[in-house]
Amino acid sequence: MTYPKPAIQILFLLLLVAPAVSAQEWTQWRGPARDGFVSAKNAPATWPEKLDRAWRVEIGEGYSSPVVSAGRAFVHSRRDPEEVVTAINLADGKVVWEQRYQASFKKNQYAVDMAKGPHATPLVIGDRLFTLGATGVLNAWDTATGRKLWTRDFSPSIDTSKLFYGTAASPLAVNGRLVVEVGSDVHGGKILGLDPASGATQWEWSGVGPGYASPVVIDAGKQAQIVAMTQEVIVGLDAKSGKELWSVAFPDEWHENIVTPLWTGTHLIVSGTRQGTHAFTIAEQNGKWQATEIWKNPDIAMYMSSPVAADGVVYAHSSKRKGQFVAFDEQTGAIRWATEGREGEHASLLLTPRHVVFLTNGADLIVAKRGTPAFTVERRYEVAESSTFATPVLLGSNILVRDATGLMLLTGK
């Protein structure tokens, strides 16, 4: 059979893509450890001079990041008034299954430029996919067929008449449970430990309305804890029972606690656009757990971007100077280097063994060297024609990128 030249090029790209994406797993927000770290086997051995598009699929709007399991990408999006869940074959970009459900959503009046979501990134546990939409609808899906397994509808607790913009905290797996954070600034918030098989509640924490940051699991003194951001406080919960162990005030006048907390093993790093960046130690004293602030730096103010850390250095995107890339000392908060600014209003960060990867909302993918005394760019790519707010997924020599309405696979071969 004779193929026209464009078809031959596409076929060649797909043949190169298939082996590289077959064994990669990226099953939750910010990856396997929920910290943005990409292992050596999933990072490019050498960053190429250019990236070519292997495929692109129209999926609808939203900010939810893709996840990857068993050779498929799963992505949550909106085609108003429905939310859509799509499974895509990584090797060729073909849609394996798609499910839709009604999710009418009245956007907050202040969110003029924002899409209606969804915001939370899906979670894969075994053969189940969990999605949490902007209206608070939690669904469990069979990853192979797309069959809906169960639903929990928290939409009665979602109210955007004040400052709340919609559910954004990505589901979390811990101790055999599915953990979700739901609610709003009108009806208050809940953190729930659910049975992944049925959705039944196994434990519940109640308090003020949720923030937008996704909860994480930390291991502080051999005590597994869930750390979550509400609109006013940071809370630490026993990972088994959901019992509150500690809390510390972290208020924001616009209720914009968005940045995912980062646990370095010794420090809990949290940040906000008006609060600056703070570091806490988490320790048990006289039978009581306590979060103690050890430093703060008002000159590093993260807005929507969550940081990464390695070798005592934290890398971040700060909202100062219309967007700065920064590196600062984990122990003291002292800035090691910072760019001049105008790097955009948002950047998603990934950390590989040799590089820090920044994907800005302006579709610039910047690969910078780790461990250098100054910001040092190795490669820079323009990866899309529209905004890119979602976290990308590195798949060896390939990269999965979500733009304003589509999901694409780029290859460096």
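# Sheets, aromatic rings and two buried serines

Colleague: Over how many bridges do strand β7 and β8 pair?
Modeller: In this predicted model, strands are DSSP runs of E with at least two residues, numbered from the N terminus. Two strands pair if DSSP finds at least two bridges between them. Strand β7 covers residues 128–132, and its antiparallel bridges to β8 number five.

Colleague: What is the mean pLDDT of the chain?
Modeller: Residues are numbered from 1 along each chain as its sequence is written, and side-chain values use heavy atoms, with hydrogens and water left out. In this predicted model, local features need pLDDT of at least 70 and side-chain atom pairs count only at pLDDT 80 or more, while totals for chains, interfaces and linings use all residues. The term pLDDT denotes the predictor's confidence in each residue, from 0 to 100. For this chain, 94% of residues reach 70 or more, and the mean pLDDT is 94.

Colleague: Over which residues does pLDDT stay under 50?
Modeller: Where pLDDT is low, the predicted coordinates should not be read in detail. That caution concerns a stretch for which the model has 29 contacts (heavy atoms within 4.5 Å) beyond four places in sequence. The stretch with pLDDT under 50 is residues 1–22.

Colleague: In the sheet that has the order β6-β7-β8-β9, which strands stand at the edges?
Modeller: Four strands make up this open sheet, with antiparallel pairing. Each edge strand has a single partner strand, so one side of it is left without a neighbour in the sheet. The edge strands are β6 (123–125) and β9.

Colleague: Which residue in the hairpin of β8 and β9 takes a positive phi?
Modeller: Strand β8 (residues 137–142) runs antiparallel to strand β9 (residues 148–153), and five bridges join them. Within this pairing, A140 stands opposite W150. The hairpin has five residues between the strands, and the residue with a positive phi near 85° is G146.

Colleague: By how many degrees are neighbouring strands turned against each other on average in the sheet that contains β1, β32, β31 and β30?
Modeller: This open sheet of four strands follows the order β1-β32-β31-β30 with antiparallel pairing. Its edge strands, β1 (52–58) and β30 (393–395), pair on one side only. Angles run from 0 to 180 degrees between N-to-C directions of axes, which are lines fitted to C-alpha atoms. With direction ignored, the average turn between neighbouring strands of this sheet is 20°.

Colleague: Which residue in β32 is the bridge partner of R402?
Modeller: Strand β31 (residues 398–402) and strand β32 (residues 406–411) are antiparallel partners joined by five bridges. In β32, R402 has as its bridge partner L407.

Colleague: How far apart, centre to centre, are W337 and F375?
Modeller: Rings of Phe, Tyr and Trp (its six-membered ring) pair if their centres lie within 6.5 Å, with planes under 30 degrees apart called stacked, over 60 edge-to-face and the rest tilted. The whole structure holds 15 such pairs. W337 and F375 form a tilted one, with 45° between the planes and a centre-to-centre distance of 5.1 Å.

Colleague: Why does the pair of W337 and F375 tie together parts that are apart in sequence, and by how many residues?
Modeller: W337 belongs to strand β25 (residues 335–338), whereas F375 lies in the loop between β28 (364–369) and β29 (377–382). The pair therefore ties together parts whose separation in sequence is 38 residues.

Colleague: Is F358 buried or exposed?
Modeller: F358 also forms an aromatic pair with F375, edge-to-face at 6.2 Å centre to centre and 75° between the planes. Buried means under 20% relative accessible area, exposed over 50% and partly exposed in between (1.4 Å probe, protein chains only). F375, at 22%, counts as partly exposed. Since its relative accessibility is 0%, F358 counts as buried.

Colleague: Which backbone oxygen does the side chain of S305 reach at 2.8 Å?
Modeller: S305 is found in the loop between β21 (288–297) and β22 (308–310), and at 1% relative accessibility it counts as buried. Its side chain makes a polar contact with the side chain of H346 at 3.2 Å. A polar contact is a pair of N or O atoms within 3.5 Å; within protein, one must be able to donate a hydrogen and the other to accept it, and residues adjacent in sequence count only if both atoms are side-chain atoms. The backbone oxygen reached at 2.8 Å is that of A347.

Colleague: Which residue's backbone oxygen lies 2.8 Å from a polar atom of the side chain of S64?
Modeller: S64 sits in the loop between β1 and β2 (67–69) and is buried, with a relative accessible area of 0%. Beyond four places in sequence, its contacts include V75, H76 and R402. The backbone oxygen at 2.8 Å belongs to A120.
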